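Colleague: I would be grateful for a close look at a single part of this model, namely its largest cavity. Please describe the lining and then the elements around it.

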Amino acid sequence: MSYQRVSRLPNYIKAFGWLDGIRLVLAIERPLPQTSQTSRPFRVPGHPSPLWLRDCVSDHAIFWQCIVRQQYRLDQFPHTAQLQARYQALLERGRTPLIIDGGGNIGLSAITLADAFPRARVMVIEPDAENFKMLLKNVEPYGERIQPLLGAVWHRDQQLTIVNPEAGASGFRVEAVGPVGTVQAHTIESLMRMAGEDEVLIVKLDIEGAQKALFAENTGWIATAGAVMLELDDWLFPWGGSSTPFFRAMSQHEFEYLLNGENVVCFNAKLAP
């Protein structure tokens, strides 16, 4: 058994139990190419429908992050009790709580959020067409609970372009490089209007540096958000100020900040009892 399998086996056993943990670590943690058009289903405890992964490094890494390490599960934090109370209050008012997943990749983060908040609507946005095909396959069993959009989140509604098509499937970046692009971008507020909601329960972001633009303007949605989750990308863009607009915009409001793996989880102080 390889070192990676041995080192990750305890996480698999913790997540799935002994038998399924060993079965999945052998199936998932194996040598793979950077790209592949071959996909296959995996039966995973806790998921009534199979999860589809391509035979490539990025999809199996996303499985490790989202399903094994569960980096988008919030129930480990004491603040989540108040987030759940906000969720229940919205339901009692006849509203459908809204979750926005920016940078949805193959849909595993959207599935995690939909499972945690089963009566919420999850809008999941992914800019890459090949990733989006896998996303559609993974979220299909959730029906209208998960709404997939081919596109990106940005500070303006405009056309963008994927500027690094040679990157792995989990590393695509979008930028405004001309008047016409191939990816339709949406602001968070335009997605909220699309959903018919004036507040958002959770905004999750994994957008490869696009937070620099997203938080530069049109950030009124922050005040309505129960929680914001994102991965900071200063390591990817050294001295580029990738996170500066995020901290500047968030500092205009009162949030509490916690760390969960690669993510910063920000809870709105308005949730406090």
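Modeller: By class, the lining of the largest cavity comprises 13 nonpolar, 10 polar and four charged residues. The model is a predicted one, and the description below should be read accordingly.

A search of the whole structure yields one cavity of 30 Å³ or more. The space within the largest cavity amounts to about 260 Å³. Its lining consists of 27 residues, and those nearest the centre are Gly-103, Gly-104, Glu-126, Asp-206 and Ile-207. Four elements each give two or more residues to this lining: helix H3 (57–68), helix H5 (108–116), strand S4 (121–126) and S6. Of these, H3 gives the most, with three residues.

Strand S4 belongs to an open sheet of seven strands, whose order is S5-S4-S3-S10-S11-S13-S12 and whose pairing is mixed. At the edges stand strand S5 (146–150) and strand S12 (255–260), each of which pairs on one side only. Averaged over this sheet, and with direction ignored, neighbouring strands are turned by 15 degrees against each other. Within the sheet, strand S3 (residues 98–102) and strand S10 (residues 202–205) are paired in the parallel sense over four bridges, and Gly-102 stands opposite Leu-205 in S10.

Helix H5, which also contributes to the lining, lies across S3, S4, S5, S10 and strand S11 (227–231). The direction of H5 makes about 170 degrees with that of S4.

The remaining lining element, S6, leads to another sheet. This open sheet has four strands in the order S6-S9-S7-S8, again with mixed pairing. Strand S6 (152–153) and strand S8 (174–175) are its edges; each has a single partner strand, so one side of each is left without a neighbour in the sheet. Helix H7 (residues 188–195) packs on this sheet and touches S6 and S9, with its direction at about 85 degrees to that of S9. Further along the order, strand S7 (residues 159–162) and strand S9 (residues 183–186) run antiparallel and are joined by two bridges. Leu-160 stands opposite Val-183 in S9.

To summarise the part requested, the lining draws two or more residues from each of H3, H5, S4 and S6. S4 has its place in the seven-strand sheet, whereas S6 stands at an edge of the four-strand sheet.

Note on methods. Residues are numbered from 1 along each chain as its sequence is written. This is a predicted model: local features need pLDDT of at least 70, side-chain atom pairs count only at pLDDT 80 or more; totals for chains, interfaces and linings use all residues. Side-chain values use heavy atoms; hydrogens and water are left out. Two strands pair if DSSP finds at least two bridges between them. Contact means heavy atoms within 4.5 Å. Axes are lines fitted to C-alpha atoms, for helices over the stretch in contact, and angles run from 0 to 180 degrees between N-to-C directions. On a 1 Å grid over the protein atoms alone, a cavity is a set of points where a 1.4 Å probe fits but cannot get out, and a pocket is an open set with protein on both sides within 12 Å along at least five of seven lines; lining residues have an atom within 4 Å of a point. Grid points are joined across faces, edges and corners, and a volume is the space filled by probe spheres set on the points. Ala, Val, Leu, Ile, Met, Phe, Trp, Tyr, Cys and Pro count as nonpolar, Asp, Glu, Lys and Arg as charged, and the others, Gly among them, as polar.
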